[in-house]
Amino acid sequence: MIDWLLEPLNHPFNQRAILAALIIGCTNGYASAFVVLRKSALKVGSLSHALLPGIAVAILVAGLNDWSAFLGALFAALLIGLGSLAVSRGSRLDQDSALAILYTAAFSGGIILLRRIGVTQEMEEWLFGNIMGLRDGDLWMNFWISCGALGLLTALHRPLLMTLFDAEVAATLGVPVRALNYLLMAVLIVVLISSLQAVGCMLAVGLLVAPAATIYLLTDSTNALFWGGALLGGLAASFAVLAGWWLNIEQGPAIVLVLGAIFGISFLFSPKYGLLGRAR
Amino acid sequence: MNPAHESCAHCGHHHELQVEGLAVRYRELDALRDVSFSTSCGACVALIGPNGAGKSTLLKAIAGLLPVAAGRILWRGTRVARWSREIAYLPQRENVDWHFPITVRGVVRMGRYPQAGWWRPFSKTDEAAICRAIDMMGLKDLENRQISQLSGGQQQRVFLARALAQEAHVLLLDEPFTGLDRPSKTALAETLRHLTEEGRLVIASHHDMDTVRGIYDEVLLLRRHAVAFGPVEEVFTEAKLDETFGTDGKEVA
């Protein structure tokens, strides 16, 4: 039994996948607190879909390497995000509607393009992730993205929280609210992209919402929300990689499924805010 | 003139807030036009007018939250910038996310942001100001409480404590009495009187006509433009209120 449980750790690609899951899970878990407090899960989900065409175009233009997919995805997210802002400012349409149109159109274009450029077998990886296929280079890139994102978000914790709590009051206290909102969205997009190889662009938003959403039902402490989210994200993701190996299921969906299950438990049984915990 | 106007006990000087020919536009809508009035430290000013008269807009404009289309706002003789530590803005309670995971003390600490900046730890002076503000608003027992667990009156006091920690001279309050029970209203009125007597300038939008005389020194009647401004006894009259609200009491179109 013990041998069977530890067996996956003998393979280098498993070790790498578990490490990657830990890094990506922690970063996404920490960042998920901002998504939950900002109530922008829908927006993040839309933007994650918009990454696909960027990757497709980047592969078409520069071939597939570590950075082309990353930069392509980043560019697409910025284009769609700022595009939706421009449409909502320039017309009577609200930003969510504009975003919905732009990202579905871009996503469709991405699917058509990816099928045509002969990487059909990889399409599923972009959609649902392939954490076992990570190379050392990918791992390093994830590591540096995580360091940058966590560093920036912790350094700006105070003004960011004030902005999220009440943007107007924050502005009257001298917080550069608009700049911070853009910066936060940019960091969230970069974190989103870093999780693509693990969970793909269809599932990425799950990893970037579920950890803090779960903790949100358990505690009122802001610090617990952030660091608890990071801990939960990292542990759940690396556990899911192992579970995926034991049960022979795909790791990407396994990660999001494990997080979903834990969320379900806290939704039902949280002593303070759970459906059943509250009833007692 | 009210003797309290002579000098600001809070800081030892006499400070004036002057609004001259102020206009604010939302896209094509004239939210405010040609609003002028002048008041100073030690006054408690009521903003009164029908819904849509521009009360919130005026408060936000003074707080520096809205671009001014015409005219100017002077505090202590200089134009109000995008923000000022000396001017505190207290939003309507219903516009605040009370489920946000933060404690009473956490909210009050925000008032020290102008001094502490983006990441510097709070200094002894900051902590002292935070404690003093919490004490003054009688929140000592509640300071570690989640804001979601507070009553309406307590929520309002948390905001006031934040403004006190900020060491603001001007307090701009949007509908502070709305939704409070009677004892909380009485307590808040006393608090506002006290803050005014200490030399602060309090400006609040107000709905309840029966309590105006007991709380405020001056009244600004607003209907997109300033209908009248002055001491309560002179301005808060039947005729002027009719002019502000229209005899049919209709909202501003």
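Let me begin at a turn in chain B, in the hairpin of strands E1(B) and E2(B), where two residues lie between the strands and B:Arg27 takes a positive phi near 50 degrees. Please keep in mind throughout that what we are looking at is a predicted model.

The two strands on either side of that turn, E1(B) and E2(B), pair in the antiparallel sense over eight bridges, and if you follow the pairing you will find that B:Glu16 has B:Ser40 in E2(B) as its bridge partner. As a general reminder, strands of a sheet pair through backbone hydrogen bonds, and they may do so either parallel or antiparallel.

Strand E1(B) is also joined to E4(B), again running antiparallel, and here there are five bridges, with B:Val19 standing opposite B:Ile73 in E4(B). From strand E4, which covers residues 70-75 of chain B, two bridges lead on to E5(B), and these two strands run antiparallel as well; B:Leu74 is the residue that stands opposite B:Arg79 in E5(B).

Putting those pairs together, we have an open sheet of four strands in chain B, in the order E2-E1-E4-E5, with antiparallel pairing. Which strands are at its edges? They are E2, residues 29-40, and E5, residues 78-79, each of which pairs on one side only. Helix H1 of chain B, residues 55-62, packs on this sheet and touches E1, E2 and E4, and the direction of the helix makes about 60 degrees with that of E2(B).

Now I would like to move to the other sheet I have picked out in chain B, which is also open but has six strands, in the order E6-E7-E8-E3-E9-E10, and whose pairing is mixed. At its edges stand E6, residues 87-90, and E10, and because each has a single partner strand, one side of each is left without a neighbour in the sheet. Ignoring direction, neighbouring strands in this six-stranded sheet are turned against each other by 15 degrees on average.

To see a parallel pair, look at strand E3, residues 44-48, and strand E8, residues 201-205, which are paired in that sense over four bridges, with B:Cys44 opposite B:Val202 in E8(B). Helix H1(B), which we have already met on the four-stranded sheet, packs on this sheet too, where it touches E3, E6, E7, E8 and E9 of chain B, and its direction makes about 150 degrees with that of E8(B).

An antiparallel pair in this sheet is formed by E9, residues 218-223, and E10, residues 225-231, with six bridges between them, and the bridge partner of B:Glu218 in E10(B) is B:Pro231. Their hairpin has one residue between the strands, and B:Arg224 there takes a positive phi near 65 degrees.

Stepping back to chain B as a whole, its secondary structure comes to nine helices and 10 strands. Its radius of gyration is 18 Å, close to the 18 Å that the globule rule gives for 253 residues, so chain B is as compact as a globular protein of that length. Of those 253 residues, 43% are buried.

What, then, is chain A made of, in helices and strands? It has 15 helices and zero strands. For chain A the radius of gyration is 19 Å, close to the 19 Å given by the globule rule for 280 residues, so this chain, too, is as compact as a globular protein of its length. Along the principal axes its C-alpha trace spans about 60 × 55 × 35 Å, and 48% of its 280 residues count as buried.

Where the chains meet, 19 residues of chain A are in contact with 18 residues of chain B. On the chain A side, helices H8 (157-165), H9 (167-172) and H13 (222-247) each supply at least two residues, and by class that side has 11 nonpolar, four polar and four charged residues.

Finally, a word on the interior. In soluble globular proteins, nonpolar side chains tend to be buried together. The largest nonpolar core here has 165 residues, of which A:Leu188, A:Ile255 and B:Leu172 touch the most other members, and its largest share, 14 residues, comes from helix H2 of chain A, residues 12-38. If you want one place to look, take A:Ile255, whose contacts beyond four places in sequence include A:Ala21, A:Val199 and A:Leu207.

Methods. Residues are numbered from 1 along each chain as its sequence is written. Chains are lettered from A and ligands numbered from 1 in the order in which they are written. This is a predicted model: local features need pLDDT of at least 70, side-chain atom pairs count only at pLDDT 80 or more; totals for chains, interfaces and linings use all residues. Two strands pair if DSSP finds at least two bridges between them. Two residues are in contact if their C-beta atoms, placed from the backbone, lie within 7 Å. Axes are lines fitted to C-alpha atoms, for helices over the stretch in contact, and angles run from 0 to 180 degrees between N-to-C directions. Ala, Val, Leu, Ile, Met, Phe, Trp, Tyr, Cys and Pro count as nonpolar, Asp, Glu, Lys and Arg as charged, and the others, Gly among them, as polar. The radius of gyration is taken over C-alpha atoms; the globule rule is 2.2 Å times the number of residues to the power 0.38. A residue is buried if 20 or more other C-beta atoms lie within 10 Å of its own, exposed if 12 or fewer, and partly exposed in between; C-beta atoms are placed from the backbone. A nonpolar core is a set of buried Ala, Val, Leu, Ile, Met, Phe, Trp, Tyr and Cys residues joined through C-beta atoms within 7 Å.
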